[in-house]
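Here is a short guided tour for you to follow with the viewer open. Please keep the sequence at hand as well, and take the sections in whatever order suits you.

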Amino acid sequence: MEAKTEKIEFEPIIEMGCGIDIHKKVLVCTVRGKGIKIETRGFDAFTASIEDLRDWLKKLGITHIAMESTGVYWKPVYNILEEDFEIVLVNARHLKNIPGHKTDKKDSKRIAKFLLAGLLTGSFIPPKPIRNMRDLTRYKRRVIEQIASEKNRIQKFLEDANIKLSSVVSNTSGATATKIIDAMIGGEDDVNELVKLRHGKMNATIEELALALTGQLTEHHKFMLSMVKKSIKDKTLLIKKLDAQIDRLIAENEMVLDAGLLSTIPGVSKESAAYILAEIGNNMDQFPNEQHLASWAGLSPGNNESAGKKKSSRTTHGDKWLKAMIVQCAWAATRTKGTYLRSKYDSLVGRRGKKKALIAVGHKILIASYFILKNKEAYKELGGDYLDKITKDKQIKRHLQRLRELGVDVLQSAA
C-alpha cells in the first residue's frame, strides 16, 4: 500500500510572478500565478536574450520577479528589468535547497512559489545614482589598499639592501624619508650627503641615521624603488580623479547637505560621509527603523539560542564595506576629547575589550547617521559627562557603600 504524501499549499500574496535562477551563461525562469500556466523557460545571459525575457514577462502580465543575488551576474538582469517589474533580490543563504533535489528548473520553480506566497525578503538595492557612487567609493578603497601595499614594498626593498631607514624614522612615507629615498634613487650614494636631509626634530641622531643608511643599494634596488614610487604617484592621481567624480555625483544628486550633516558626527570626515551615503543612500524610508539598518550593516549582535542556552552572539553578516568604514570612524571618534562617543568607548573598553567597544561606538555612529539623514538635522553632542550624569545616583550609592566597607563613617545627607 503506497503512502500518501501530503502537499502543502501557500495562500498567494502576489497574483503573478516569476522566479529566476541566475547563472553566468544561462537564466532559468519559471512563471506562475492567477490565470497562467506554470511554465519554465531558459534564456541566454546576453542582453538581447534578457530583453526577450522582459517582453515575454510583460506579455504574460507578470508584476513581480524574484532572483538570487548570484555573484555579479544578477546585475545586468536587474538593470534591464528594474523599470518594468518589481524585483525582489534574495540573499542566496535564505534560499537553501533540499539536498539531493537540486536542479536549475526546481530552483526557479521554488523561487517563484516562495515569491507568490510572500515568503521572500528582498535585499536593499539603492537607486542607480547611489549604485554608481558605490562603485566609485569601493574602487577608491581598493586603490588606497594598493598604495599601502606599494609602500610596504618600498620597505621590503630597503631591507633587502640592508638600509634600516624604518628603524630611525617614524614613517617611511614621511617628508624626510621620502627625500632620502628619492636622493638614493637619483644616484646619491654618499651617506654624509644623505644625512643632511635629516629634519631637525627627528629623534634619531645624525650618527644613528648614518648607520641606518649604510647598506648595499644596487642598481636593481634603485630601479625597483623608482617603479614602485611611480606606481604610487599614478594611483594618487587616480584617487584625485575618483574624488572629483564622487563630489560631482554628490552635487548632482543633491546630497551635499546630507554629507555636511553626517560630517558633524565626531570621527566622520567629509570622505567618510561620502562612503556612508554610497552604501545606505540618503533615503531612510527604505529601512523600517534604525535597528534594521544596524542589522543590515552587520553591527548588531546575533541571536543563537538552543535548548534554553544562549550561545555565541557575535555580530551578524552585513555590508562589509559599510562596516569597515563605520569602524574606521569609530577609531577616529575615540581620539576626540570631551565627546559622548569617546566616553562611551572608555566605559566599555576596560571590560569588553577594544574590538567590542569599537563595534559599540560604530553602532552609535550608524544609529546617529540614520536619524540625521531621516530628520535632516545636524548631530547633537551630548558631551563627555553624559554617561556620568545618567549614572550619578548609582555612582554615589556605590561609592558610599565602598567608604562604609573601608570603615569610614559617612552620613547619607553628605551625598
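Which residues of E4 lie on one side, which on the other, and are they buried or exposed? On one side sit His64, Ala66 and Glu68, on the other Ile65 and Met67, and all of them are buried, leaving both faces of E4 covered. Please keep in mind throughout that this is a predicted model.

## The open sheet

Let us start with the sheet that E4 belongs to. Five strands make up this open sheet, in the order E3-E2-E1-E4-E5, and their pairing is mixed. Strand E3 (36-44) and strand E5 (86-90) are at the edges with a single partner strand each, so each has one side without a neighbour in the sheet. On average, and ignoring direction, neighbouring strands are turned by 20 degrees against each other.

The mixed pairing can be followed strand by strand. Strand E1 (residues 16-22) and strand E2 (residues 26-33) run antiparallel and are joined by 7 bridges; here Ile22 stands opposite Leu27 of E2. E1 also pairs with E4, this time in parallel, through 4 bridges. E4 in turn runs parallel to E5, with 5 bridges between them.

Ala66 is a handy residue for tracing these pairings. Ala66 of E4 is the bridge partner of Gly19, and Ala66 also has a bridge partner in E5, namely Val88.

## Helices across the sheet

Two helices are worth displaying together with the strands. Helix H1 (residues 47-60) lies across E1, E2, E3 and strand E4 (64-68), and runs at about 170 degrees to E3. Helix H3 (residues 104-116) lies across E1, E2, E3, E4 and E5, running at about 40 degrees to E2.

Both helices lie across E4, among other strands. As for E4 itself, the strand is mostly covered, with 5 of its 5 residues buried.

## Nonpolar cores

In soluble globular proteins, nonpolar side chains tend to be buried together. In this model, the largest nonpolar core has 76 residues, and Leu165, Leu213, Ile265 and Ile365 are those with the most contacts inside it. Helix H14 (residues 354-375) supplies the largest share of this core, 10 residues.

What does Ile265 touch, leaving aside its neighbours within four places in sequence? The contacts of Ile265 are Leu341, Ile365, Ala368, Ser369, Ile372 and Tyr379. Ile365 is thus both a contact of Ile265 and another of the residues with the most contacts inside the core.

A second, separate core has 25 residues, including Leu27, Trp56, Val77 and Ile80. You have already met Leu27, which stands opposite Ile22.

## Aromatic pairs

The structure holds 7 aromatic pairs. In one of them, the ring centres of Trp74 and Tyr78 are 5.7 Å apart and the planes are at 85 degrees, so this pair is edge-to-face. Both residues belong to helix H2 (residues 74-81), where they are 4 residues apart, about one turn of the helix. Trp74 counts as buried at 11% relative accessibility, and Tyr78 is buried too, at 10%.

Phe287 and Trp296 form a tilted pair, with 5.6 Å from centre to centre and 55 degrees between the planes. Phe287 is buried, its relative accessible area being 5%, while Trp296 is partly exposed at 24%. Together with Phe124, these two residues form one aromatic cluster.

## Two further places to look

Gln155 lies in helix H4 (residues 128-160). The side chains of Gln155 and Ser166 are joined by a polar contact of 2.8 Å. With neighbours within four places in sequence left aside, Gln155 is in contact with Ser166 and Thr172.

Is Leu211, in helix H7 (residues 206-213), buried or exposed? Leu211 counts as exposed, because its relative accessibility is 66% and the cut-off for exposed is over 50%. Leu211 and Val191 are 20 residues apart in sequence, and 8.7 Å separates them in space, C-alpha to C-alpha.

How values were computed:
Residues are numbered from 1 along each chain as its sequence is written. This is a predicted model: local features need pLDDT of at least 70, side-chain atom pairs count only at pLDDT 80 or more; totals for chains, interfaces and linings use all residues. Side-chain values use heavy atoms; hydrogens and water are left out. A polar contact is a pair of N or O atoms within 3.5 Å; within protein, one must be able to donate a hydrogen and the other to accept it, and residues adjacent in sequence count only if both atoms are side-chain atoms. Contact means heavy atoms within 4.5 Å. Rings of Phe, Tyr and Trp (its six-membered ring) pair if their centres lie within 6.5 Å; planes under 30 degrees apart count as stacked, over 60 as edge-to-face and the rest as tilted. Buried means under 20% relative accessible area, exposed over 50%, partly exposed in between (1.4 Å probe, protein chains only). A nonpolar core is a set of buried Ala, Val, Leu, Ile, Met, Phe, Trp, Tyr and Cys residues joined through side-chain atoms within 4.5 Å. Two strands pair if DSSP finds at least two bridges between them. Axes are lines fitted to C-alpha atoms, for helices over the stretch in contact, and angles run from 0 to 180 degrees between N-to-C directions.
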